[in-house]
Amino acid sequence: MRSFTLVPLALVAAIGGVVLVSGCGKSDPRVSAGGATFVDPIMQKWAAEYKGAKKVEVDYVAKGSGYGITNVTGRMLDFGCSDAPMNATEVKAANEAGGEVVHVPVTVGAVAVIYHLPEVPGLKLSGEVIADIYLGKIKQWDAPAIKALNPGVNLPGTNVVFVYRAESSGTTNIFTEYLSKRSAEFAKAPGTSKSPKWPAVGVGKEGNDGVAEHVKNTAGAIGYVELAYAKKNNITFAALTNKANKPVAPDAASVTAAVESAMKVKADREPYTLHPLTFSFTDAEGDAAYPIVGASYAILFKKLPKEKGPAVVEFLKWAVADGQQYAKDLDYAPLPAELTKKAQELLGTVTFE
């Protein structure tokens with residue numbers, strides 16, 4: 001958990017999570033949040049900027065989407081973040097614990113496919129090939145299927161080491177949703193999941209940082225991380241053949257193209273049919289669309305405690321509007337104006353009691 005400057009202890013008494021400052025009345029409460037590592041780089045930026053502007057502190061713990069969902073449901077966090085919308089079972093558990101939940105899209109970004117082959121800086125891959133790698137079927141980098149996508153490239157015979165997220169992860173859910181769309185065999189098993197059962201030959205690491213670090217230090221390794229982690233760790237990533245059969249690299253423009261295309265498609269399956277502002281952004285139509293795109297959603301109860309609820313909602317309203325100015329510099333794409341408007345309207349339905 002990130003620590004921030006606190007009021008001197010001699011002046012403070014903590015009562016029920018609300019900070020009281022002696023002689024000054026009640027200050028703004030401290031907001032506790034956590035979950036997806038996908039959103040962590042921009043969430044930390046938001047927390048710092050918001051503290052400076054509004055004097056409200058937001059603590060965000062990046063431990064995976066499963067952590068965010070579980071701890072919101074258990075009332076351990078004021079809001080959680082997940083890159084995978086809650087499924088029917090998770091919604092039922094939340095309803096029983098505290099009532100209706102809402103999903104607010106706060107950022108969109110690319111899942112980059114990173115790899116460690118210094119001699120191959122411009123690798124091209126497809127969903128079908130990546131699926132076969134993660135099924136354990138492609139074992140060397142000079143396999144015919146990879147050669148076919150990279151004509152004229154001298155691919156080494158290095159063994160492929162595929163790396164995946166060890167914990168329940170929304171980034172994994174985005175990645176496996178994409179592979180399930182491109183490979184019927186993958187769709188059967190492991191399928192789309194936050195915590196799929198991978199073949200034993202893979203290597204599991206916790207968090208986007210854990211996957212990035214292992215790929216960076218392991219010859220022949222391949223993994224999937226939010227684009228900011230690839231950039232931060234200076235790790236090479238592949239261009240992916242999209243639905244239009246065009247090789248596209250992940251960046252703000254290719255993410256925006258995917259988001260704008262996918263938002264035109266009516267949701268026809270769970271979990272997207274369960275929540276009004278959730279979308280499947282993977283494998284979107286369009287020549288310019290990057291194929292592995294996802295959103296991080298802030299998940300919160302529709303009824304919040306009156307002591308802290310207003311601070312939570314105001315922070316999220318700021319994040320989906322003013323906070324989007326920081327997206328491109330951190331390798332995300334700003335939310336489309338239409339989605340920002342709808343997100344703020346949804347936040348306006350949250351009540352306090």
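**View 1. Strands β8 and β12 side by side in a predicted model.** In this predicted model, strand β8 runs parallel to β12 (residues 239–241), and two bridges hold the pairing. To find your way in, look for lysine 124, whose bridge partner in β12 is alanine 239. Step back a little and you'll see an open sheet of three strands, ordered β8-β12-β13, with mixed pairing. Its edges are β8 (124–125) and β13 (247–248), each of which pairs on one side only. As a reminder, strands of a sheet pair through backbone hydrogen bonds, either parallel or antiparallel.

**View 2. Strand β9 and its two parallel partners.** Here's β9 (residues 161–165), a mostly covered strand with four of its five residues buried. Strand β10 (residues 203–205) runs parallel to β9, joined to it by three bridges. Valine 163 is a handy landmark, since its bridge partner in β10 is valine 203. Strand β11 (residues 221–226) is also parallel to β9, with two bridges between them. This time, start from phenylalanine 162 and look for its bridge partner in β11, isoleucine 222.

**View 3. Aromatic rings that belong together.** Phe162 turns up again here, as part of one aromatic cluster with Tyr134, Tyr164, Phe175, Phe186, Trp198 and Tyr224. The count of aromatic pairs comes to 16. A pair of aromatic rings is described by the distance of the centres and the angle of the planes.

**View 4. A charge over a ring.** Now find arginine 75 and phenylalanine 301. The charged end of the arginine sits over the phenylalanine ring, 4.1 Å from the ring's centre.

**View 5. The largest cavity and what surrounds it.** Searching the whole structure turns up one cavity of 30 Å³ or more. The largest cavity has a volume of about 80 Å³. It has 14 lining residues, and those nearest its centre are Asp83, Ile174, Glu177, Tyr272 and Phe279. The elements giving two or more residues to this lining are α6 (170–182) and β14 (293–301). Strand β14 provides the largest share, with four residues. By class, the lining of the largest cavity splits into eight nonpolar, four polar and two charged residues.

**View 6. The second largest pocket.** How much space lies in the second largest pocket? About 330 Å³. Its lining is made of 17 residues, with Lys181, Ala262, Val265, Ser280 and Thr282 nearest the centre. Sorted by class, the lining of this pocket has seven charged, six nonpolar and four polar residues.

How values were computed: Residues are numbered from 1 along each chain as its sequence is written. This is a predicted model: local features need pLDDT of at least 70, side-chain atom pairs count only at pLDDT 80 or more; totals for chains, interfaces and linings use all residues. Side-chain values use heavy atoms; hydrogens and water are left out. Two strands pair if DSSP finds at least two bridges between them. On a 1 Å grid over the protein atoms alone, a cavity is a set of points where a 1.4 Å probe fits but cannot get out, and a pocket is an open set with protein on both sides within 12 Å along at least five of seven lines; lining residues have an atom within 4 Å of a point. Grid points are joined across faces, edges and corners, and a volume is the space filled by probe spheres set on the points. Ala, Val, Leu, Ile, Met, Phe, Trp, Tyr, Cys and Pro count as nonpolar, Asp, Glu, Lys and Arg as charged, and the others, Gly among them, as polar. Buried means under 20% relative accessible area, exposed over 50%, partly exposed in between (1.4 Å probe, protein chains only). Rings of Phe, Tyr and Trp (its six-membered ring) pair if their centres lie within 6.5 Å; planes under 30 degrees apart count as stacked, over 60 as edge-to-face and the rest as tilted. A charge sits over a ring if NZ of Lys or CZ of Arg is within 6 Å of the ring centre and within 35 degrees of the ring normal.
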